[in-house]
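Colleague: I'm new to reading protein models. Could you walk me through this one, feature by feature?

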Amino acid sequence: MTDEQDKILDEVTNSEYKYGFVTDVETEMIPKGLNEDVIRMISKKKEEPDWMLEFRLNAFRHWQKMEMPTWAHLTIPEINYQDIIYYAAPKRKAAPGSLDEIDPELKATFDKLGIPLEEQKMLTGVAVDAVMDSTSVKTTFRETLAEQGIIFCSMTEAIKEHPDLVRKYLASVVPPTDNFFAALNSAVFSDGSFCYIPKGVRCPMELSTYFRINAANTGQFERTLIVADDDSYVSYLEGCTAPMRDENQLHAAIVEIIAMENAEVKYSTVQNWYPGDKNGKGGIYNFVTKRGMCRGKNSKISWTQVETGSAITWKYPSCILLGDNSYSEFYSVAVTNNYQQADTGTKMIHIGKNTRSRIVSKGISAGFSNNSYRGLVKVLKGAENARNFSQCDSLLLGDKCGAHTFPYLEVENPSSIVEHEATTSKIGEDQIFYCNQRGLSTEDAVGLIINGYAKEVLNKLPMEFAVEAQKLLQISLEGSVG
Amino acid sequence: MLVIKDLHAKINDKEILKGINLEVKAGEVHAIMGPNGSGKSTLASVLTGRELVEVTHGQVEFNGKNLLEMSPEIRSREGIFLSFQYPVEIPGVSMVNFMKAAVNEHRKYKGLGPLSASDFLKLLRERKELVEIDSALTNRSVNEGFSGGEKKKNEIFQMAMLEPKLAILDETDSGLDIDALRIVANGVNKLKRPDNAVVVITHYQRLLDYIVPDFVHILYNGRIVKSAGKELALELEKKGYDWIKNGEGL
């Protein structure tokens, strides 16, 4: 029977990564290595004000004193930070037409990724900021959104055009000293998206950022900042892919979300960085700090993530529940296959009264992979009547992979109620056979079972993305069952 | 339709089937009875291609094709349906989606395109009525939280959706109260046509009051030891399996 499962696993895990191509575009790169001069160079290229350069240099000086943390349940080969290129940008061809003209090569790349950059071709109701390597290529629907006072642009532009807003909120949730990778990002971040929803505005379309790594030997360090002012609402999506390469590439991003009184922010991620080949060679190191702050009363932040890519994923989209009656939820599906590793989860920090949080995590491990859930629920003294419910399920395909759960609870207020449920199960041969007997192939059966298992999370995604994510789950596990 | 010749099969090196011969023709209903451990469910597993059973000898032909060479899903698409003794739960997968996927796979195999959503729902409604299944069941996840009776009814509903040529009912009566038994049997009878066949695997006579067999076979110790008309089931009910075990009835 074990043989049979091996065969199944082999079949479901042997799929090709669809987004592994490289775009042949002239790229401007700075030399490898990291020092203050490099940081000055990045800041200069981006034509930044002095305060921004100061911010970067302070972060860098702090980073130099830090050491890479080792507490995660991950095996990470040593990273030589001097061997990485910290800035790479597709060269803007001198276009005779408008300044907005995009290199056709880049346009073709994003078309191929299913992200058309012409507004008339876009999915209706989704505005996109397309980021390639270290720069934003194009942000669509900016004008339409601006009519309602919504700012949606690249971080580089935001620093120039909206310095007051950026200075007010940047690093207010994730300070540069927060952790090793946050400090690194704060020193060298190149681009990302900025989004501001003014008071009382319900953003009429989904905002999204698509991150693409293209250049070799580079790291991508982007920074996203979302501010939802009082009584506003926005739904935000993030997607990402990278070429197939034998070398590992580092992606160390920061996402900060601020929700003011009665504001609601939904943040959804479909993470599909190149996971490496089936022998564990290559792939992206995805070391990301994502954190939201429910600053105002009755504010709400939701994280939904579908994690299928990256050689190593290390991230905990979290929320600080500061405002009274604020609410946060974290819905996650993390799939690891072959030699992928993931240590992911969330932190919910309850500070305000009557704050509530909900955590639903579904891990799926196949091949030789390791998949860990790590979560912290912290209820501070003043958080009267705080509530948390956590559910962590793990599903194993085969017997060579691992699933681990590390829940931490720190409760300082006696009126709070914190619940935690966890299950671990193996995908049943009898379930697969049942589907076979009804005429479904094993691969389809596994897809169906996995999607059923992850349904609670997938249901949280905006429609178009839910369909994409379902397919992605199935593809990620292709060849792992048969 | 189905021709089994000298079939031997083992599970984990233990020989369970020791030379089965059986022929099922279109339009017929066969009952296979026998005590626990006689090989009834193993036979169902061999016919549906469950991997844990290894066929060591013999042939099985289904409509002229070598059944043993087909994967389980191909057997299904060729028209073999098993009503499971213990239907499994598949959390999060709605019955509607499950059946849609199955029906469309069967159609694809026949060279037909997928059913439109409205045609599919029409079919679903029609078949639900036919087998008297509660309409809420199809909105739930596959077998999840179903009672024993609901699970068995759900099996017959799936049979109605897939319209198999050969339906194998493995202990479909176990765990059913008399009302559920009647509903399940009615469903099977309504689906009976001259061009399909049913093999009923059961311990007890009571299901055969509702699904009346043309032939009754007694499976004992891996072999069919006695075959006769429906009256055999009654005789067995009266005399018990000891009658067979002691070799008296043979």
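Modeller: Sure! Keep in mind that this is a predicted model. Let's start with contacts in chain B: among those with a separation of 6 or more, 71% are between residues 24 or more positions apart.

Colleague: Okay, and what radius of gyration does chain B have, next to that of a compact globule?

Modeller: The idea is to compare the chain with what its length would suggest. A compact globule with 250 residues would have a radius of gyration near 18 Å, and chain B agrees because it has 18 Å. Its C-alpha trace spans about 55 × 40 × 35 Å along the principal axes.

Colleague: How many helices and strands are there in chain B, and what share of its residues count as buried?

Modeller: You'll find 8 helices and 12 strands in chain B. As for burial, 43% of the 250 residues of chain B count as buried.

Colleague: Now the place where the chains meet. How many residues does each chain give to the contact?

Modeller: People often describe the size of an interface by the accessible area lost when the parts come together. Here we'll count residues instead: chain B gives 22 residues and chain A gives 19 residues. On the side of chain B that touches chain A, the elements giving two or more residues are α2 (72-78), β7 (90-94), α3 (95-109) and α5 (148-162) of chain B. That side of chain B has 11 nonpolar, 6 polar and 5 charged residues.

Colleague: Which residues touch the most other members of the largest nonpolar core?

Modeller: That core has 203 residues, and A:A228, A:V265 and B:I168 touch the most other members. Take A:A228: setting aside neighbours within four places in sequence, its contacts include A:I197, A:V234, A:I258 and A:V265.

Colleague: Let's do a strand. Is β18 of chain A mostly covered or uncovered?

Modeller: As a general idea, side chains in a regular strand alternate between the two faces of the sheet. Strand β18 (residues 341-350) of chain A is mostly covered, with 9 of its 10 residues buried.

Colleague: And which strands pair with β18(A)?

Modeller: Go through them one at a time:
- Strand β15 (residues 312-315) of chain A pairs with β18(A) in the parallel sense, over 4 bridges; there, A:I312 stands opposite A:Q341.
- Strand β16 (residues 318-321) of chain A runs parallel to β18(A) and is joined to it by 3 bridges; A:C319 stands opposite A:M348.
- Strand β20 (residues 370-379) of chain A is parallel to β18(A) too, with 10 bridges joining them; A:T346 has A:G375 in β20(A) as its bridge partner.

Technical notes
Residues numbered from 1 in each chain as written. Chains lettered and ligands numbered in written order. Predicted model: local features only at pLDDT ≥ 70, side-chain atom pairs only at ≥ 80, totals over all residues. Contact = placed C-beta atoms within 7 Å. Nonpolar A, V, L, I, M, F, W, Y, C, P; charged D, E, K, R; others polar. Core = buried A, V, L, I, M, F, W, Y, C linked by C-beta atoms within 7 Å. Buried ≥ 20, exposed ≤ 12 C-beta atoms within 10 Å, placed from the backbone. Pairing = 2+ DSSP bridges. Rg over C-alpha atoms; globule rule 2.2 N^0.38 Å.
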